[in-house]
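Me: I would like to study this protein through a few questions on how its parts are packed. Please work through each one step by step.

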Amino acid sequence: MRKKIIAGNWKMNLTLAEASAITKGLVSATNSSSYEVMVFPSALHLETVSSLTKGSKLIVGAQNAYQSGLTAMTGEISPVQLAEFGISTVLVGHSERRQFLGETSELDNAKISYFLKAGLRVVYCVGETWAEREKGNTFSVLEDQIKKGLKDITSDQFKNLVIAYEPVWAIGTGKVATPVEAEEAHAFIRKEIGNLFVGAGSIAENIQILYGGSVKPDNIKELLAKPNIDGGLVGGASQKLDSFLGLLK
């Protein structure tokens with residue numbers, strides 16, 4: 001059975017004091033939770049947050065990294081540097097990076113390939129805009145992002161891969177895909193992975209697929225009740241301790 005994941009993406013939010021307080025409050029709750037719990041702090045906070053989670057089950061991940069060892073690349077972070085703080089999980093392809101920073105599925109593929117070969121766990125984000133959904137292109141967009149982003153990923157690497165479906169129109173807008181809409185997209189992604197990759201039937205069945213887009217304590221239970229939704233990639237509701245804890249109940 002696939003284990004449920006609740007992952008908090010803190011984006012470019014929270015002071016160090018706020019991030020530390022939430023982390024401390026999560027540690028004990030995570031140790032007794034049936035969920036796999038992750039947080040993705042600002043890069044500036046990774047060292048402190050990671051140090052606060054030592055000995056706990058709370059997983060700390062990076063919001064971004066560059067596909068290289070130590071090299072001359074201004075403003076980026078290498079997996080080698082992440083490893084110094086015990087960070088072995090990284091987000092790739094978040095819609096904000098696609099939309100505002102021009103990140104493509106081809107670039108994401110280069111990152112995913114490098115990170116998986118380096119032994120990192122990757123959470124790969126896919127999702128459509130409102131305009132694409134209105135035109136009936138949701139599935140074609142998802143297929144394109146999956147096919148390009150996961151090109152040449154080998155079957156043995158899938159064990160370190162998580163998919164996050166985040167409809168762009170539902171991120172930070174207060175809108176949320178209905179459980180039926182979210183389940184439909186998740187089922188398509190699972191089927192598409194099985195279709196696109198040779199011998200990927202069991203991979204598709206085992207891969208964890210998260211929903212991201214205005215996930216809150218009052219809708220998480222209904223979303224997680226769907227058979228193909230394995231957790232949430234949460235933005236705003238993960239940035240306050242009480243609401244994060246509400247997601248874990």
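The questions and answers that follow concern a predicted model.

Me: Where do the buried residues of helix 7 lie as seen down its axis?

Reply: Helix 7 covers residues 138–149 and reaches 16 Å from its first C-alpha to its last, close to the 16 Å expected. Its buried residues are Thr-138, Val-141, Leu-142, Gln-145, Ile-146 and Gly-149. Down the axis of helix 7 these residues fall within an arc of 125°, so they line one face of the helix.

Me: Which elements are included in what covers the buried residues of helix 7?

Reply: The residues to be covered include Val-141 and Ile-146. Their cover includes strand 5 and strand 6, together with helix 4, helix 5, helix 6 and helix 8.

Me: In strand 5, which residue is the bridge partner of Val-90?

Reply: Val-90 belongs to strand 4, where Val-90 and Val-92 point one way and Thr-89 and Leu-91 the other, and all are buried. Strand 4 pairs with strand 5 in the parallel sense over 4 bridges. In strand 5, the partner of Val-90 is Val-122.

Me: Which helix gives the largest share of the largest nonpolar core?

Reply: In soluble globular proteins, nonpolar side chains tend to be buried together. The largest nonpolar core here has 58 residues, of which Leu-150, Ile-163 and Ile-193 touch the most other members. The largest share of this core, 5 residues, comes from helix 8.

Me: How many residues make up the second, separate core?

Reply: This core includes Leu-91, Cys-125, Ala-164 and Leu-233. Leu-91 is one of the buried residues of strand 4. The number of residues in this second core is 11.

Definitions and conventions. Residues are numbered from 1 along each chain as its sequence is written. This is a predicted model: local features need pLDDT of at least 70, side-chain atom pairs count only at pLDDT 80 or more; totals for chains, interfaces and linings use all residues. Side-chain values use heavy atoms; hydrogens and water are left out. Helices (H or I, at least four residues) and strands (E, at least two) are DSSP runs, numbered from the N terminus. The expected span of a helix is 1.5 Å times one less than its number of residues. Buried means under 20% relative accessible area, exposed over 50%, partly exposed in between (1.4 Å probe, protein chains only). The arc is that of the directions from the helix axis to the C-beta atoms. Contact means heavy atoms within 4.5 Å. Two strands pair if DSSP finds at least two bridges between them. A nonpolar core is a set of buried Ala, Val, Leu, Ile, Met, Phe, Trp, Tyr and Cys residues joined through side-chain atoms within 4.5 Å.
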